[in-house]
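Me: I would like a close look at a single part of this structure, with its surroundings described residue by residue. Please keep the account plain.

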Amino acid sequence: NTDFSSNPLRPPTLVLATLAPPPPRSCRHCAMSKHFHCYLLRSMNPRNPLSTYIGFTTNPTKRIRRHNGEIKGGAKRTERRGRPWEI
């Protein structure tokens, strides 16, 4: 129930969804992982302390390295502002 008119102090309930894996492909990396991980990044940059980014991946360790520019392939939105990021 999302009607807060009777109790405005009651916080909303967080609902997490399970994502189904993609259909099989010829890519050997895609076939290896069967789970998706949802993540929230927070900027560690003192100039952008409130910057956040939400995403999902099959490899969280590799993905955070991409967002931080250690390896190629991070999201455009996390390239300039916010680096370094933490999960």
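Which residues make up the largest nonpolar core?

Reply: The model is predicted. Its largest nonpolar core consists of 6 residues, namely Tyr39, Leu41, Tyr53, Ile64, Ala75 and Trp85. In soluble globular proteins, nonpolar side chains tend to be buried together.

The chain around this core comes first. It contains 2 helices and 3 strands, arranged along the sequence as α-β-β-α-β. Of its 87 residues, 20% are buried. Among contacts with a separation of 6 or more, 35% join residues 24 or more positions apart. The surface exposed by the chain is about 7500 Å², and carbon and sulfur atoms supply 57% of that area.

Trp85 is one of the core residues, and its contacts serve as a guide to the surroundings. Beyond its neighbours within four places in sequence, Trp85 is in contact with Leu41, Arg42, Ser43, Met44, Ser51, Thr52, Tyr53, Ile64, His67, Asn68 and Thr78. Leu41, Tyr53 and Ile64 from that list also belong to the core. The other partners can be taken in groups.

Ile64 and His67, both in contact with Trp85, lead to helix α2. Buried residues of α2 are Arg63, Ile64 and His67. Viewed down the helix axis, the buried residues of α2 lie within an arc of 100 degrees, so they line one face of the helix. The cover over these buried residues includes β1, β2 (residues 52-57) and β3. Just after α2 comes Gly69, with a positive phi of about 80 degrees. Most residues other than glycine have a negative phi, and most peptide bonds are trans.

Thr78, another partner of Trp85, sits in the loop between α2 (60-67) and β3 (85-86). Thr78 counts as buried because its relative accessibility is 0%, the cut-off for buried being under 20%. A polar atom of the Thr78 side chain lies 3.0 Å from the backbone oxygen of Ala75, and Ala75 is itself a member of the core. Neighbours within four places in sequence aside, Thr78 is in contact with Tyr53, His67, Arg83 and Trp85. Of these, Tyr53 and Trp85 are core residues, while His67 is among the buried residues of α2.

Arg83, a contact of Thr78, is joined to Pro84 by a cis peptide bond, with omega near 0 degrees. Pro84 is in the loop between α2 and β3.

On the side of β1 and β2, Ser51 is placed in the loop between these two strands. Ser51 has a relative accessibility of 9% and therefore counts as buried. The C-alpha atoms of Ser51 and Trp85 are 9.3 Å apart, although the two residues are separated by 34 residues along the chain. Leaving out neighbours within four places in sequence, Ser51 is in contact with Leu41, Arg42, Ser43, Arg81 and Trp85. Leu41, Arg42 and Ser43 are also among the partners of Trp85.

Arg42 is thus in contact with both Trp85 and Ser51, and it also takes part in a salt bridge. The structure holds 3 salt bridges. Side chains of opposite charge can pair when their charged atoms come close. In one of the bridges, Glu86 and Arg42 meet at 2.2 Å, N to O. This pair connects distant parts of the chain, with Glu86 in strand β3 and Arg42 in strand β1 (residues 37-43), 44 residues apart. Glu86 is partly exposed at a relative accessible area of 28%, and Arg42 is partly exposed at 44%.

The other salt bridges complete the account. Glu70 and Arg65 pair through their side chains at 3.0 Å, N to O. Glu70 is exposed, with a relative accessible area of 52%, whereas Arg65 is partly exposed at 36%. Glu79 pairs with Lys76, and their closest N and O atoms are 3.8 Å apart. Here Glu79 is partly exposed at 33% relative accessible area, and Lys76 is exposed at 69%.

Note on methods. Residues numbered from 1 in each chain as written. Predicted model: local features only at pLDDT ≥ 70, side-chain atom pairs only at ≥ 80, totals over all residues. Heavy atoms only, no water. Core = buried A, V, L, I, M, F, W, Y, C linked by side-chain atoms within 4.5 Å. Buried < 20%, exposed > 50% of the residue type's maximum accessible area, 1.4 Å probe, protein only. Contact = heavy atoms within 4.5 Å. Helix = DSSP H or I, 4+ residues; strand = E, 2+ residues; numbered from the N terminus. Polar contact = N/O pair within 3.5 Å; in protein donor to acceptor, adjacent residues only side chain to side chain. Salt bridge = Lys/Arg side-chain N within 4 Å of Asp/Glu carboxyl O. Areas by Shrake-Rupley, 256 points an atom, 1.4 Å probe, with all protein chains shown as cover. Arc of directions from axis to C-beta.
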